[in-house]
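Have the sequence and the model open side by side for this one. We'll start at one residue, wander through a few others, and then step back to take in the whole fold.

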Amino acid sequence: MDYRSMFDLRGQVAFVTGAAKGLGLAMAEIVAQSGALVVMTDIDPHALEASVKRLQGQRLDVHGEVLDVADADRLAKIIDGVAERFGRLDIVFANAGLSAGSGPLTDNGAMAQVDLKRWNELLQINLTSVFVTIRTSATHMIKQRSGRLIVTASIAGVRGERMCGYAYAATKAAISNLVRQSSIELSPHNVTINAIAPGPFLTDIGHGRLHDPDVAAGFVSDVPMGRLGQPDEIKGLALLLASPASSYITGTVIPIDGGATAS
Ligand SMILES: NC(=O)c1ccc[n+]([C@@H]2O[C@H](COP(=O)([O-])OP(=O)(O)OC[C@H]3O[C@@H](n4cnc5c(N)ncnc54)[C@H](O)[C@@H]3O)[C@@H](O)[C@H]2O)c1
């Protein structure tokens, strides 16, 4: 395979959740720049409109759709609608996810303080919506005998993480194994599914807590590279997993963390 065609996404249709900001926006941008038509979805209509306009200003073929992934029926309907409207569905990023607040050694994050209503909301957004996204997308990808599913997990789902809340760590671990489990069923259909497991990236997650230097320092303390990741730095791995270059990679959970899980 020629190196240019390995990363050429022209003619492909992509769908991204949580695409208005942060890592989802970077994922949408790189696959659009590589030639894909991209449907960007997000719960925040204003941020979504601004990001869609910015990418359209680069002459990229992107479309915006307001979507709360907690609404499983609407999530499935929108994915079906994308496949119907554009005739195919090639690349899906199940990316939207919420922080569960501070870690277990803080007053608010200790297990005694975990509110079960909030716990269940997190499960719906960080776990159930990912399953619904995978399941709905897979029906279209199985029919066309090709597809790339990419889930945004976290290194907090790979090991204990003192800076992250209980529901976050639990749901990110769950979706990592959901990826492995799904690869068993999807591989014979030539559909790949992988997870990206980021370390700390400077985004607005958790109401912007990573912009607080003390919080950032807490996250960075076990990152050998000694800094947060920047959203642009997710693009290489996102493009690899979305493109023909990753045709034999499936069922994996790949850390992108400045060395954090190695130390
Ligand atoms: N930033 C990090 O350090 C980090 C580390 C590991 C994993 N992640 C994961 O990366 C993913 C993206 O997070 P981010 O860091 O870019 O955060 P972010 O807050 O910058 O962006 C998240 C986007 O998702 C949208 N969103 C939130 N709830 C939604 C919902 N119910 N339905 C649809 N959209 C919704 C937000 O409006 C926002 O645009 C999440 O799954 C997160 O858990 C982030």
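Ser182 sits in helix H6, which covers residues 166-186 (helices are DSSP runs of H or I with at least four residues, strands are E runs of at least two, and both are numbered from the N terminus). Its relative accessibility is 12%, so Ser182 counts as buried. The cut-offs behind that word are simple: buried is under 20% relative accessible area, exposed is over 50%, and partly exposed is in between, with a 1.4 Å probe and protein chains only. Setting aside neighbours within four places in sequence, Ser182 is in contact with Ile134 and Ile193, where contact means heavy atoms within 4.5 Å.

A word on where all this comes from. You're looking at a predicted model, in which local features need pLDDT of at least 70 and side-chain atom pairs count only at pLDDT 80 or more, while totals for chains, interfaces and linings use all residues. Residues are numbered from 1 along each chain as its sequence is written, and side-chain values use heavy atoms, with hydrogens and water left out.

Next, find Ala100 in the loop between strand E4 (91-94) and helix H5 (116-144). With 29% relative accessibility, Ala100 counts as partly exposed. Beyond its neighbours within four places in sequence, Ala100 is in contact with Leu122, Gly165, Ala167 and Tyr168. If you measure from Ala100 to Ala197, C-alpha to C-alpha, you'll get 17 Å, for a pair 97 residues apart in sequence.

Now for a charged residue on the inside. Arg209 is in the loop between helix H7 (205-208) and helix H8 (213-220). What is the nearest side chain of opposite charge to Arg209? That would be Asp212, 8.1 Å away, and Arg209 is buried yet has no salt bridge. (A salt bridge here needs a side-chain nitrogen of Lys or Arg within 4 Å of a carboxyl oxygen of Asp or Glu; Lys and Arg count as positive, Asp and Glu as negative, and His and the chain ends are not counted.) Not counting residues up to four places away in sequence, Arg209 touches Ser99, Gly101, Ser102, Met163, Val215 and Phe219.

Other charged residues do find partners. Side chains of opposite charge can pair when their charged atoms come close. A search of the whole structure turns up 13 salt bridges. One of them joins the side chains of Asp2 and Arg4, at 3.2 Å from N to O. Asp2 is partly exposed at 37% relative accessibility, and Arg4 is exposed, with a relative accessible area of 56%.

Another salt bridge brings together the side chains of Glu29 and Lys235, at 3.4 Å from N to O. That pair links distant parts of the chain: Glu29 is in helix H2 (residues 22-33) and Lys235 is in helix H9 (residues 235-242), 206 residues apart. Are these two buried or exposed? Glu29 has 8% relative accessibility, so it counts as buried, and Lys235 counts as buried at 13%. Lys235 also meets Asp232 in a salt bridge, at 2.9 Å from N to O; Asp232, at 52% relative accessibility, counts as exposed. Add Arg54 and you have a network of salt bridges linking Glu29, Arg54, Asp232 and Lys235.

Two backbone spots deserve a look as well. Most residues other than glycine have a negative phi, and most peptide bonds are trans. Arg59, though, has a positive phi near 65°. You'll find Arg59 in the loop between helix H3 (45-57) and strand E3 (62-66), where it counts as exposed at 78% relative accessibility. His207 has a positive phi too, near 55°. His207 lies in helix H7 and counts as exposed, with 85% relative accessibility.

Time to zoom out. The protein has nine helices and seven strands, and its C-alpha atoms fill a box of roughly 50 × 40 × 35 Å, taken along the principal axes. A compact globule of 263 residues would have a radius of gyration near 18 Å, and the protein's 18 Å agrees with that (the radius is taken over C-alpha atoms, and the globule rule is 2.2 Å times the number of residues to the power 0.38). Of the 263 residues, 50% count as buried. Among contacts with a separation of 6 or more, 74% are between residues 24 or more positions apart.
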